[in-house]
Structure formats: C-alpha cells, structure tokens
Amino acid sequence: VFFFNDTATTEIYTEQIVGSVRCVQETGIKVYGVSRRGGKPEKLYAPWTDKVNWVRGNAMDPNTFQDALKDCEAVVHTIGTLVDTTVTGGKQPGQEGTYEQMNRDTAIAVGNKLQELNRNQKIVFISGSRAPPFLKRYLTTKLEAEQYLQNLQGVRFTALRPGFIYSKQERYWSYPMQFGVKSWNLTYGKLFNLVPERTFLKSFMSNFDVD
C-alpha cells in the first residue's frame with residue numbers, strides 16, 4: 001500500500017496489474033496515470049480508473065509529462081516486461097522493448113528528471129526478487145536501475161521487490177501459474193541444497209530459482 005504526504009502522485013503507467021496501484025486512489029490523493037496512449041486503458045474497467053487523471057507521455061522523455069511531475073509529491077514507476085523483445089522480437093539488448101530499455105532506462109530517465117526538478121520528490125520503483133528461468137537480465141537490469149536511483153541527489157528512493165504477481169481478474173493466465181510457483185518453491189530449496197557445489201547441475205538449477 002502506498003501512502004504519500006502531499007496532494008498528488010504520478011504513476012508511470014503500463015497496462016498491467018502492477019500499474020493499477022488502486023490503493024493510492026482510495027486514500028483520496030490526486031493520481032496521474034501516464035502512458036504512451038494517454039486516456040483510460042481499454043483493458044481496465046474498474047470504477048477507480050475514472051478517478052485517475054490520465055496523461056499521455058513517454059517515460060524515455062519525461063519532458064512529455066513534466067507538468068504532471070511538477071505537480072506531484074511522489075512517482076510510482078511500474079514499467080517493466082517479464083519476457084523482452086530479445087526473446088520475442090529478435091532485438092538486441094538496449095533496443096526498444098528490451099529489459100535494458102523498459103526495466104532500467106525508463107526509470108533512469110524519470111529519476112534524472114526528478115533530480116533536475118530538485119523538489120525532493122520520491123520515486124518508488126517496482127523491482128523484483130527473482131528472474132524468470134534463463135532470463136537473468138530481467139533482474140540485473142532492475143538492480144542496475146535501483147543502484148542508479150538510490151545515488152541521485154535530491155530524490156528520495158524506495159525499491160519494492162515483489163515475487164510472482166498474479167490476478168484472477170486482470171492477469172487471468174497468471175492465476176493457475178501461482179500454484180505451480182508455490183509448489184516449486186516448497187521443493188526447490190531442498191533439491192538445490194542436495195546438489196554438489198561448483199557442478200554443471202548446480203549452475204543449471206540456479207536458473208530455476210523463482211519466487
């Protein structure tokens with residue numbers, strides 16, 4: 001749950017469950033939702049979405065929504081991708097849609113803008129606790145963003161590291177997966193500890209340390 005001290009917050013928004021952050025609106029705080037499309041996302045039907053001030057903007061160019069940034073006490077950065085375009089689109093790391101661009105560079109760009117504004121604003125960064133199997137860059141790019149943001153001057157920083165996020169309503173495909181993830185976590189640690197150190201099997205199994 002996010003609570004802020006002032007009258008406004010800006011959410012750098014992606015149309016996924018993490019981007020909802022509906023509890024913020026329930027506190028009576030003014031909320032901006034920022035996305036490239038602008039306007040209310042088509043996939044969100046909850047009543048709270050009508051009370052959000054939707055703004056068009058590009059996180060890689062925070063000048064496109066700087067008026068909303070100036071009006072806020074805190075930013076909740078929720079941009080990210082679970083599987084990036086190096087897998088789905090043949091892109092090279094750092095190009096559009098990759099972990100580097102979405103998980104890291106968008107947060108850095110927004111953080112730099114907050115530092116430029118120099119209003120002692122806060123950025124809450126949705127990071128992660130583990131990476132999907134064989135996709136370690138998912139987590140390393142988020143940790144790189146964390147390190148950069150926490151070293152900014154005049155910007156207060158908090159990182160949240162959730163595990164696997166699921167929703168029966170807004171991320172229906174994730175709901176049955178939660179049971180597999182939970183079951184795996186119950187057995188993985190015990191199996192992993194039985195494998196000898198510095199072996200190929202140990203290294204291979206480390207790719208399946210999910211949360």
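**Exercise 1. Decide whether Thr 81 is buried or exposed, and list what surrounds this residue.**

Solution.
Step 1. Thr 81 has a relative accessible area of 15%. Buried means under 20%, so Thr 81 is buried. The model used here and in the exercises below is a predicted one.
Step 2. Locate the residue: Thr 81 is in the loop between β4 and α3.
Step 3. Leave out residues up to four places away in sequence. Thr 81 then touches Gly 97, Tyr 99, Met 102, Asn 103 and Tyr 138.
Step 4. Look for a polar partner. The Thr 81 side chain reaches the backbone oxygen of Val 83 at 3.0 Å.

**Exercise 2. Describe the setting of Val 83 and the surface patch that Val 83 helps to make.**

Solution.
Step 1. Val 83 lies in the loop between β4 (74-77) and α3 (85-88).
Step 2. The relative accessible area of Val 83 is 37%. Partly exposed covers the range between the buried limit of 20% and the exposed limit of 50%, so Val 83 is partly exposed.
Step 3. Val 83 belongs to a nonpolar surface patch of about 570 Å². The other members are Leu 82, Val 87, Tyr 172, Trp 173 and Met 177.

**Exercise 3. Work out which parts of the chain are linked by the salt bridges Asp 71 to Lys 30 and Glu 96 to Arg 36.**

Solution.
Step 1. The whole structure holds 9 salt bridges. Side chains of opposite charge can pair when their charged atoms come close.
Step 2. In one salt bridge, the side chains of Asp 71 and Lys 30 meet at 3.4 Å, N to O. Asp 71 lies in the loop between α2 (66-70) and β4, and Lys 30 lies in strand β2 (residues 30-35), so this pair ties together parts 41 residues apart in sequence.
Step 3. Check the exposure of both partners. Asp 71 is partly exposed at 31%, and Lys 30 is partly exposed at 37%.
Step 4. Glu 96 forms a salt bridge with Arg 36, with the closest N and O atoms 3.1 Å apart. This pair links distant parts of the chain: Glu 96 is in the loop between α3 and α4 (99-117), Arg 36 is in the loop between β2 and β3 (53-56), and they are 60 residues apart.
Step 5. Glu 96 counts as partly exposed at 49% relative accessibility. Arg 36 is partly exposed, with a relative accessible area of 49%.

**Exercise 4. Find which residues are joined into one network of salt bridges with Glu 100.**

Solution.
Step 1. The side chains of Glu 100 and Arg 137 meet in a salt bridge at 2.8 Å, N to O.
Step 2. Glu 100 is in helix α4 and Arg 137 is in helix α5 (residues 137-150), 37 residues apart.
Step 3. Glu 100 is buried at 9%, whereas Arg 137 counts as partly exposed at 26%.
Step 4. Salt bridges that share partners join Asp 84, Glu 100 and Arg 137 into one network.

**Exercise 5. Place Thr 141 in the structure and name the backbone oxygens that its side chain meets.**

Solution.
Step 1. Thr 141 is in helix α5.
Step 2. With a relative accessible area of 2%, Thr 141 is buried.
Step 3. The Thr 141 side chain reaches the backbone oxygen of Arg 137 at 2.6 Å. A polar atom of the same side chain lies 3.2 Å from the backbone oxygen of Tyr 138.
Step 4. With neighbours within four places in sequence set aside, Thr 141 is in contact with Tyr 99, Glu 100, Asn 103 and Arg 104.

**Exercise 6. Identify the largest nonpolar core and the element that gives the largest share.**

Solution.
Step 1. In soluble globular proteins, nonpolar side chains tend to be buried together.
Step 2. The largest nonpolar core has 17 residues. Those with the most contacts inside this core are Leu 69, Val 75, Val 110, Leu 114, Ile 123 and Leu 149.
Step 3. Two or more residues come from each of α4, β5 (122-126) and α5. The largest share, 4 residues, comes from α4.
Step 4. A second, separate core of 5 residues includes Ala 131, Leu 135, Tyr 138 and Leu 139.

**Exercise 7. Show that Pro 162 meets a part of the chain distant in sequence.**

Solution.
Step 1. Pro 162 lies in the loop between β6 (156-160) and α6 (174-194), and is partly exposed at 27%.
Step 2. Pro 162 and Gly 128 are 34 residues apart in sequence, but their C-alpha atoms are 5.3 Å apart in space.
Step 3. Beyond its neighbours within four places in sequence, Pro 162 is in contact with Ile 126, Ser 127, Gly 128 and Ser 129.

Terms used:
Residues are numbered from 1 along each chain as its sequence is written. This is a predicted model: local features need pLDDT of at least 70, side-chain atom pairs count only at pLDDT 80 or more; totals for chains, interfaces and linings use all residues. Side-chain values use heavy atoms; hydrogens and water are left out. Patches are made of residues with over 30% relative accessible area and no salt bridge: like charges are joined within 9 Å, nonpolar side chains (Val, Leu, Ile, Met, Phe, Trp, Tyr) within 5 Å. Accessible areas come from the Shrake-Rupley method with a 1.4 Å probe; for residues, only the protein chains shown count as cover. A salt bridge is a side-chain nitrogen of Lys or Arg within 4 Å of a carboxyl oxygen of Asp or Glu. Buried means under 20% relative accessible area, exposed over 50%, partly exposed in between (1.4 Å probe, protein chains only). Contact means heavy atoms within 4.5 Å. A polar contact is a pair of N or O atoms within 3.5 Å; within protein, one must be able to donate a hydrogen and the other to accept it, and residues adjacent in sequence count only if both atoms are side-chain atoms. A nonpolar core is a set of buried Ala, Val, Leu, Ile, Met, Phe, Trp, Tyr and Cys residues joined through side-chain atoms within 4.5 Å.
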